[in-house]
Amino acid sequence: MLYYIHGYASGPNSAKGILFKEKLGAIPVKYMDGDEVDVGRCVENIKNAIKNDTRVILIGSSFGGFLSAKIALENRNVRSIVLLNPAVVPPDATVSDPSIPDKVVRDIQNSGLFEKKIPCDVYIVMSTRDELIPQEWVLKFAMFQEAIVKFIEDDHRISRNISLLPDIISTFLKYRE
């Protein structure tokens, strides 16, 4: 089953959530409880949403991409992850973004995603004009994880080309067949 994991400042019923539900049959997952973000609680909420599925495919956008990768690192039922401009931060990176709590940044940096291979197929859609996540971080992650990357001329939210995402995701998932 396909599950959509939304971004930090988004929700399960965002434009992407609705699009992926309508076009791909994805289940948008609500993983945040209130305004305060706790990575451990977010991961547990997603794990609870997918716990009865043995053939999980996660589509994660931004912070949801990080969460999807973190879950796939530990959960053998995750068969593939499709990450849209994932919020991956190398352990040695310097981050100064006042909109994201320091604890969340530390949790992202200390996740092991740059030290351990994710045991499933990893696909990434990376915007060439992403104003939030530095390209070097995503490329370093993609190379370490041996991911298949599709570059798209767009911003972080993929606002201009959002309608292309279901076809891109479907193409990625055909690689598995």
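**Close-up 1. Helix 1 and helix 2 against the sheet of the predicted model.** Helix 1 (residues 15-24) lies across strand 1, strand 2, strand 3 (56-61) and strand 4 (78-84), and runs at about 170° to strand 1. Helix 2 (residues 39-50) also packs on the sheet, where it touches strand 1, strand 2, strand 3 and strand 4, with a direction that makes about 160° with that of strand 1. Contact means heavy atoms within 4.5 Å, and the angles, from 0 to 180 degrees, are taken between N-to-C directions of axes fitted as lines to C-alpha atoms, for helices over the stretch in contact. Helices (H or I, at least four residues) and strands (E, at least two) are DSSP runs numbered from the N terminus. This is a predicted model, in which local features need pLDDT of at least 70 and side-chain atom pairs count only at pLDDT 80 or more, while totals for chains, interfaces and linings use all residues. Residues are numbered from 1 along each chain as its sequence is written, and side-chain values use heavy atoms, with hydrogens and water left out.

**Close-up 2. Strand order and pairing in the open sheet.** The six strands of this open sheet follow the order 2-1-3-4-5-6 with parallel pairing, two strands being paired if DSSP finds at least two bridges between them. Strand 2 (27-29) and strand 6 (148-152) are the edge strands, each of which pairs on one side only. From one strand to the next, the twist averages 20°. Strand 1 (residues 2-5) runs parallel to strand 2 and is joined to it by three bridges; Tyr 4 has Pro 28 of strand 2 as its bridge partner.

**Close-up 3. The buried and exposed sides of helix 5.** The buried residues of helix 5 are Trp 137, Val 138, Phe 141, Ala 142 and Gln 145, where buried means under 20% relative accessible area, exposed over 50% and partly exposed in between (1.4 Å probe, protein chains only). These residues lie on the same side of helix 5 because they cover an arc of only 130° around the axis, the arc being that of the directions from the helix axis to the C-beta atoms. They pack against helix 3 (63-74), strand 4, strand 5 (121-127) and strand 6, whereas Glu 136 and Met 143 are exposed on the other side of helix 5.

**Close-up 4. Positive phi at Glu 146 and Ile 158.** Most residues other than glycine have a negative phi. Glu 146, however, has a positive phi of about 55°; this residue lies in the loop between helix 5 (135-145) and strand 6 and is exposed, with a relative accessible area of 63%. Ile 158 likewise has a positive phi, near 55°, and is found in the loop between strand 6 and helix 6 (165-174), but Ile 158 is buried, with a relative accessible area of 0%.
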